[in-house]
Amino acid sequence: MKQKIDQNKLLFAIINVIMFTIFLWANVITPLSGDDLDYQYIFWTDKRVENVQDVVTSQIRHWEIWGGRSVVHFIDQFFLMYDKMYFNIANAVVFIVFVLLIYYMAMNKKVSNSFLILEYALLLCAIPHPMETIVWQTSSVNYLWGSTLILAFLLPYYHIAHNKKKYENSFVVSAIKVSVAFLGGIVSGWTLEAGGAMLLLTLVMIVGYQVYKRETIYVWEIIGFVGALIGFAFMILAPGNFNRADIVLSEGEQRTLIAELFFRIARETFYMVKNMWILFIAMIILYVKSKKEKSNPNIRMEYMKAALFIIVSLVGVYVMTASPAYAERVLVTPIAFAVVAIGILYNTAVYSLKDKTK
């Protein structure tokens, strides 16, 4: 039995190494282009970015003039100071971390090579134009790295709610956790507009569930949420967002308020169906397969967790209705949450029924 488990873990590692190699190769063959070339300079100047101070100066200008995604654009400009090979390796690592975060939220510590393969397939099928979205440098730092930071910050919250364990720590350890949670919250909340909104909603739902169940709520959970709220506010309230919105609206078609609202909802729906249809089919199949297990209270809890990620995923799609501009790439975070839901349903449908048969 132990040998079989070790073989499963070995195969699990091999699959990830193969995907890391493929993704690294995809990064190597993708040259810098478009926004990559622009972000090699301090924003809207002809001075090349040469050090961290230049990056900070550039991001202050970017925040004031064009947009509030300071964290991900800081990362992008930092890597653009060096040979692209450094970014190629880092991006491949982040992609694997992204996959493993989704996997862990869905399957916890269970080793399932079948779901790992399914996860890779679903992500690469659903993420719009993967070579442009998660390989091209500026886009991947925005959407792949931004989504990874959000999932990483969310993980301890989900772990507490999922495992229902109580932790007693010394004052020093607690202080470190509070500090890390606050700074991590600011960084993760300051990544993506849709992703930040999804993060805050998920935190509210998890902590709300803990309150409902009268479970222990730790100080770091509250401080982390406050940090995420502060980071999100700095991103959304950036003066550059309003400047860019004015430009987009002035160049776009003039519609009535109701017509514009319906247009944006239709826009979000179209791109969601276009890219995420395969995820919805997977959810339906897995739900039907596990339907007979609904009488089991543990199964009902799994359905609740899957529903949480599905709801937040849909919110991530339609929250962009507030934005006059739209790009399919923003779907990366909603897709990640949807795949977590699929993993939870997969765990329920495949392993619960298998255990019952045994």
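Where is the place of H129? H129 lies in the loop between α6 and α7 (130–135), and this briefing tours that spot along with some helix packing. This is a predicted model, in which local features need pLDDT of at least 70 and side-chain atom pairs count only at pLDDT 80 or more, while totals for chains, interfaces and linings use all residues. Residues are numbered from 1 along each chain as its sequence is written, and side-chain values use heavy atoms, with hydrogens and water left out. Helices (H or I, at least four residues) are DSSP runs numbered from the N terminus.

**Helices α10 and α11**

- Helix α10 (residues 193–212) and helix α11 (residues 219–236) have axes that come within 10 Å and cross at roughly 155°; axes are lines fitted to C-alpha atoms over the stretch in contact, and angles run from 0 to 180 degrees between N-to-C directions.
- α10 and α11 are therefore roughly antiparallel to each other (over 145 degrees).
- On the α10 side, the contact (heavy atoms within 4.5 Å) is made by residues including L199, L200, L203 and V207, and on the α11 side F225, L229 and F232 are among them.
- By class, this contact of α10 with α11 has 13 nonpolar, two polar and two charged residues; Ala, Val, Leu, Ile, Met, Phe, Trp, Tyr, Cys and Pro count as nonpolar, Asp, Glu, Lys and Arg as charged, and the others, Gly among them, as polar.

**Helices α5 and α6**

- Helix α5 (residues 84–107) packs on helix α6 (residues 113–126) at an angle of about 120°, and their axes are 11 Å apart.
- α5 and α6 are therefore oblique to each other (outside the ranges under 35, 65 to 115 and over 145 degrees).
- F95, F98, V99 and I102 of α5 are among the contact residues, as are F115, L116 and Y120 of α6.
- The contact of α5 with α6 has 13 nonpolar, no polar and one charged residues.

**The kinked helix α13**

- Helix α13 (residues 257–289) has a kink of about 65° centred on M276; the bend is the angle between axes fitted to the seven residues ending at a residue and the seven starting there.
- M276 is itself buried (under 20% relative accessible area, 1.4 Å probe, protein chains only), and the buried residues of α13 also include E260, R264, R267 and E268.

**Loop residues with positive phi**

- N108, in the loop between α5 and α6, has a positive phi of about 60° although it is not a glycine.
- H129 is also not a glycine, and its phi is positive, near 45°.
- H129 counts as partly exposed, because its relative accessibility is 43% (between 20% and 50%).

Notes. Helices (H or I, at least four residues) and strands (E, at least two) are DSSP runs, numbered from the N terminus.
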